[in-house]
Structures are given as C-alpha cells and as structure tokens.
Amino acid sequence: DYVSFGPMGITALGDGAQADPEIFEWWSQMIELPVVAEGALDVELIRTLAPITDFFAIGDEIWRADDPATALTTLIKAMSQP
C-alpha cells in the first residue's frame with residue numbers, strides 16, 4: 001500500500017494543478033504508509049522531495065529523453081544530493 005501525489009511539475013494532464021510539496025513533509029511525519037511523488041518530475045523537484053518522499057514514479061521523464069539511461073542516472077543522482 002502507498003499514497004501518491006502529483007503531478008509535481010507542469011504537465012498537460014489533468015486540470016493543470018500541481019501537488020504542493022508540503023503535503024509530502026506532512027505525510028511523512030504523520031503517516032507510516034509510503035508516499036510516492038509522480039508527474040513531470042525534474043532534477044530540482046527530486047532534490048527537494050527526496051528527504052520527505054519514499055518513492056518516485058518515473059516514466060516520461062526518462063522515456064521521452066534522447067538517452068533514457070543517462071536521464072535515469074541523472075535523476076537517481078538527484079535523489080541522493082541535497
């Protein structure tokens with residue numbers, strides 16, 4: 001079980017609203033159920049959310065890149081950098 005919030009970045013999906021990063025901090029302090037960030041993630045969003053997010057749902061962020069392996073590596077590095 002988990003809960004997912006998103007989209008985090010700007011995307012054409014939905015009504016254009018973005019999830020507030022503060023919900024991740026609140027959730028991680030109050031609830032044990034893992035929290036997942038998804039939707040239009042980038043390096044800066046991942047760096048911001050990494051300390052307060054259990055998982056990232058990554059898809060288009062890598063599959064639309066010219067080099068998916070490099071894009072994934074960049075996002076993984078962002079997860080461990082402040």
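Here, a residue is buried under 20% relative accessible area, exposed over 50%, and partly exposed in between. Keep that in mind as you click around, and remember that this is a predicted model.

**Stop 1: Ala40**

Select Ala40 to begin. With a relative accessible area of 27%, Ala40 falls between the two cut-offs, so Ala40 is partly exposed. You'll find Ala40 in the loop between strand S2 (35-38) and helix H2. Now check the backbone: Ala40 is not a glycine, yet its phi is positive, at about 60°.

**Stop 2: Gly6 and Pro7**

Next, pick Gly6 and Pro7 together. The peptide bond that joins Gly6 to Pro7 is cis, with omega about 0°. Pro7 sits in the loop between strand S1 (3-5) and helix H1 (22-30). Why stop at two backbone details in a row? Most residues other than glycine have a negative phi, and most peptide bonds are trans.

**Stop 3: the largest pocket**

Keep Gly6, Pro7 and Ala40 selected, since these residues are among those that line the largest pocket. Now add Thr11, Leu13, Glu38, Gly39, Ala57, Asp60, Glu61 and Arg64 to show the rest of the lining. The volume of this pocket is about 240 Å³. Try colouring the lining by class: you should get four nonpolar, three polar and four charged residues.

**Stop 4: the salt bridges**

How many salt bridges does the count come to? There are two.

For one of them, stay with the pocket lining, which includes Asp60 and Arg64. Asp60 and Arg64 form a salt bridge, and their closest N and O atoms are 3.6 Å apart. Is Arg64 buried or exposed? Arg64 has 68% relative accessibility, over the 50% cut-off, so Arg64 counts as exposed. Asp60 has a relative accessible area of 47%, so this residue is partly exposed.

For the other, move to helix H2 (43-49) and select Glu44 and Arg47. Here the salt bridge has its closest N and O atoms 3.0 Å apart. Both residues lie in helix H2, three residues apart, which is about one turn of the helix. Arg47 is partly exposed, with a relative accessible area of 26%.

**Stop 5: a nonpolar patch**

Turn on the surface and select Ile23, Trp26, Met30, Ile31 and Leu33. Together these residues form a nonpolar patch on the surface, with about 430 Å² of accessible area. Zoom in on Trp26, which lies in helix H1. Its relative accessibility is 43%, so Trp26 counts as partly exposed.

**Stop 6: Val36**

Now hide the surface and go to Val36, in strand S2. Is Val36 buried or exposed? Its relative accessible area is 8%, under the 20% cut-off, so Val36 is buried. Draw a distance from Val36 to Phe24, C-alpha to C-alpha: the two are 8.6 Å apart in space and 12 residues apart in sequence.

**Stop 7: Pro51**

Finish at Pro51, in the loop between helix H2 (43-49) and strand S3 (55-57). Pro51 has a relative accessible area of 68%, so Pro51 is exposed. Draw one more distance, from Pro51 to Glu25: their C-alpha atoms are separated by 8.6 Å, while the residues are 26 apart along the chain.

Technical notes
Residues numbered from 1 in each chain as written. Predicted model: local features only at pLDDT ≥ 70, side-chain atom pairs only at ≥ 80, totals over all residues. Heavy atoms only, no water. Helix = DSSP H or I, 4+ residues; strand = E, 2+ residues; numbered from the N terminus. Buried < 20%, exposed > 50% of the residue type's maximum accessible area, 1.4 Å probe, protein only. Patch = residues over 30% accessible without salt bridge, like charges linked within 9 Å, V, L, I, M, F, W, Y side chains within 5 Å. Areas by Shrake-Rupley, 256 points an atom, 1.4 Å probe, with all protein chains shown as cover. Salt bridge = Lys/Arg side-chain N within 4 Å of Asp/Glu carboxyl O. 1 Å grid on protein atoms, 1.4 Å probe; cavity = no way out; pocket = protein on both sides within 12 Å on 5 of 7 lines; lining within 4 Å. Points joined across faces, edges and corners; volume = space filled by probe spheres on them. Nonpolar A, V, L, I, M, F, W, Y, C, P; charged D, E, K, R; others polar.
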